[in-house]
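Here is a briefing on one structure. The topics are charged contacts, internal space and a record annotation.

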Amino acid sequence: MGALSLPKQDRSRATRQRLLEAAIACLAEHGWAGSTVSVVAERAGVSRGAAQHHFRTREDLFTAAVEYVAEQRSAAVRGLLPQVQLIVGPARTYLAVTQLVDLCTGPLFRAALQLWVAAANDAALRTRVTELEARVGREVHRMALELLGADEARAGVRETVQGFLDMCRGMGLATLLTDDSARRDRVVRHWTGVLSDLL
């Protein structure tokens, strides 16, 4: 590869990243109906043609965007592991619970929710989102076990961790309509106790 191709590749990679980040922001702010390729391209500061060069269809763009942000968030949570592993007892559990609740109450969750709602009425999109959600769900479950230092082979651990993650998604739904931070703090403390006792 020549030296001239690298800057073009870098520009292409940067454009793709801007499109993915703009797609998540648009989904979270405007929902599926208000998030067209043109709207995303404008927010990313690129032409519609440039957007379509990177993503053939709207579905390609938004499923790639949710996957991209899920990977970024997973990397950030994995980056916490060395610090978390130095902490023991309820303090570790509290940190893990807080991080996992944040994962399900932030922009990624809001964007993913919009994609889920759209997929409920679109068979082709549903297939793609179901596959994506299965991968993301497995990764989040695995990260939860690592953050918590949980042994899934112990009776009840898998089910309790999965129930906790389901509760996190419910908190994400509650956060869509109102500022639920006061109740969220109480629930985080409660689940810290439940998980500390079990683990």
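Seven salt bridges are found in this predicted model. Three of them are set out below, followed by the cavity and its lining. An annotated stretch from UniProt closes the briefing.

**Salt bridges**

- R142 and E139 pair through their side chains, with an N to O distance of 2.8 Å.
- Both residues sit in helix α7, and three residues, about one turn of the helix, separate R142 from E139.
- The two partners differ in exposure: R142 is partly exposed at 33% relative accessible area, whereas E139 counts as buried at 19%.
- The cut-off matters for E139, because buried means under 20% relative accessible area and E139 has 19%.
- R158 bridges to E152, and their closest N and O atoms are 2.5 Å apart.
- R158 is partly exposed, at 44% relative accessibility.
- E152 is also partly exposed, with a relative accessible area of 31%.
- D166 bridges to R169, with 2.8 Å between the closest N and O atoms.
- D166 and R169 belong to helix α8 (residues 157–177), where a spacing of three residues puts them about one helical turn apart.
- D166 is partly exposed, and its relative accessible area is 42%.
- Shared partners link salt bridges into one network of E139, R142 and E146.

**Cavity**

- How many cavities of 30 Å³ or more does the structure hold? There is one.
- The largest cavity contains about 230 Å³ of space.
- Its lining consists of 18 residues.
- Nearest the centre of the largest cavity are L108, W116, E133, V136 and V140.

**Lining of the cavity**

- Four helices each give at least two residues to the lining of the largest cavity: α4 (58–84), α5 (90–105), α6 (107–120) and α7 (123–148).
- Which helix gives the most to this lining? Helix α7 does, with six residues.
- Helix α7 thus appears twice here: it supplies lining residues, and it carries the R142 and E139 pair.
- By class, the lining has 13 nonpolar residues, two polar residues and three charged residues.

**Annotated region**

- An unreviewed UniProt entry annotates residues 36–55 as "DNA-binding region".
- In the model, the chain over residues 36–55 is 75% helix and 0% strand.
- The C-alpha atoms at the ends of residues 36–55 are 12 Å apart.

Note on methods
Residues numbered from 1 in each chain as written. Predicted model: local features only at pLDDT ≥ 70, side-chain atom pairs only at ≥ 80, totals over all residues. Heavy atoms only, no water. 1 Å grid on protein atoms, 1.4 Å probe; cavity = no way out; pocket = protein on both sides within 12 Å on 5 of 7 lines; lining within 4 Å. Points joined across faces, edges and corners; volume = space filled by probe spheres on them. Nonpolar A, V, L, I, M, F, W, Y, C, P; charged D, E, K, R; others polar. UniProt positions renumbered as here; feature names shortened; annotations may be inferred. Salt bridge = Lys/Arg side-chain N within 4 Å of Asp/Glu carboxyl O. Buried < 20%, exposed > 50% of the residue type's maximum accessible area, 1.4 Å probe, protein only.
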